[in-house]
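Subject: Structure for you to look at

Dear colleague,

I am passing on the structure we talked about, and below it you will find an account of what came out of the analysis. Please keep the structure open beside the text as you read.

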Amino acid sequence: MLSNQLAKIAQSYWVLGLAQVIHSIEETFSKLYLEFGSMSQALHQLFHWIPLFEISADVFAILNYLIIALMLGSVPAAEKGKRLGFIFMWSWAIIETLNGAFHIGTWVFLHSYFPGGVTGPILFVLSVLFIQQLRATSDRTTRAIQ
């Protein structure tokens, strides 16, 4: 039973990683990197401690796909049920929830499409469902895995 629960959680984690891949592709093709300059200006006006910045397409792609490599690269640790695997899963679940919420919030605020806006809500829903799945893992199962 323990290995079955672990396999389901690891599979859901893998699906969340694949959703991030699709999300990153949308962000790249819709040129999210071009929006960082105006986003940083708007945030800087509200919070002066936020620096003004821009990002090139190459740097954006490198950073975005590095994130994917880190996330999908941690799947084996999750599959083995190591403590580090659970730390990765919880960390990425929270990051992806915030990422999806950002895209939903941006679309609502702007009343129009914003790069990443199609897959952002999907990422949000998948990450919330994944968090529920992680929380449903009993303390006994977690202790047995460690």
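The secondary structure of this chain, which is a predicted model, comes to seven helices and zero strands, so that reading along the sequence gives the pattern α-α-α-α-α-α-α. The C-alpha trace spans about 50 × 30 × 30 Å along its principal axes.

Of the 146 residues in the chain, 36% are buried. Among contacts with a separation of 6 or more, 77% join residues that stand 24 or more positions apart in the sequence. The chain exposes about 8900 Å², and carbon and sulfur atoms supply 69% of that area. As for charge, there are 8 positive and 8 negative side chains, and the centres of the two sets lie 21 Å apart.

Turning to the interior, the largest nonpolar core has 18 residues, and those with the most contacts inside it are Y13, M89, F130 and L134. Two or more residues of this core come from each of α1 (2-29), α3 (57-73), α4 (75-79), α5 (83-110) and α6 (119-136), with α1 giving the largest share, namely five residues. Y13 is worth selecting in your viewer, and leaving aside residues up to four places away in sequence, Y13 touches M71, S74, V75, A78, F88, M89, W92 and F130. A second core, separate from the one just described, has six residues and includes L32, Y33, F36 and F114.

Two residues deserve a look for their backbone angles. Most residues other than glycine have a negative phi. K31, however, has a phi near 60°, a positive value in a residue other than glycine, and its place is in the loop between α1 and α2 (36-46). H111 likewise has a positive phi near 60° and is not a glycine, and H111 is found in the loop between α5 and α6.

Are these two residues buried or exposed? K31 has a relative accessible area of 42%, and it counts as partly exposed because that value falls between the 20% and 50% cut-offs. H111 has a relative accessible area of 71%, which is over 50%, and therefore H111 counts as exposed.

With best wishes

Definitions and conventions
Residues are numbered from 1 along each chain as its sequence is written. This is a predicted model: local features need pLDDT of at least 70, side-chain atom pairs count only at pLDDT 80 or more; totals for chains, interfaces and linings use all residues. Side-chain values use heavy atoms; hydrogens and water are left out. Helices (H or I, at least four residues) and strands (E, at least two) are DSSP runs, numbered from the N terminus. Buried means under 20% relative accessible area, exposed over 50%, partly exposed in between (1.4 Å probe, protein chains only). Contact means heavy atoms within 4.5 Å. Accessible areas come from the Shrake-Rupley method with a 1.4 Å probe; for residues, only the protein chains shown count as cover. Lys and Arg count as positive and Asp and Glu as negative; His and the chain ends are not counted. The place of a charge is taken as NZ of Lys, CZ of Arg, CG of Asp or CD of Glu. A nonpolar core is a set of buried Ala, Val, Leu, Ile, Met, Phe, Trp, Tyr and Cys residues joined through side-chain atoms within 4.5 Å.
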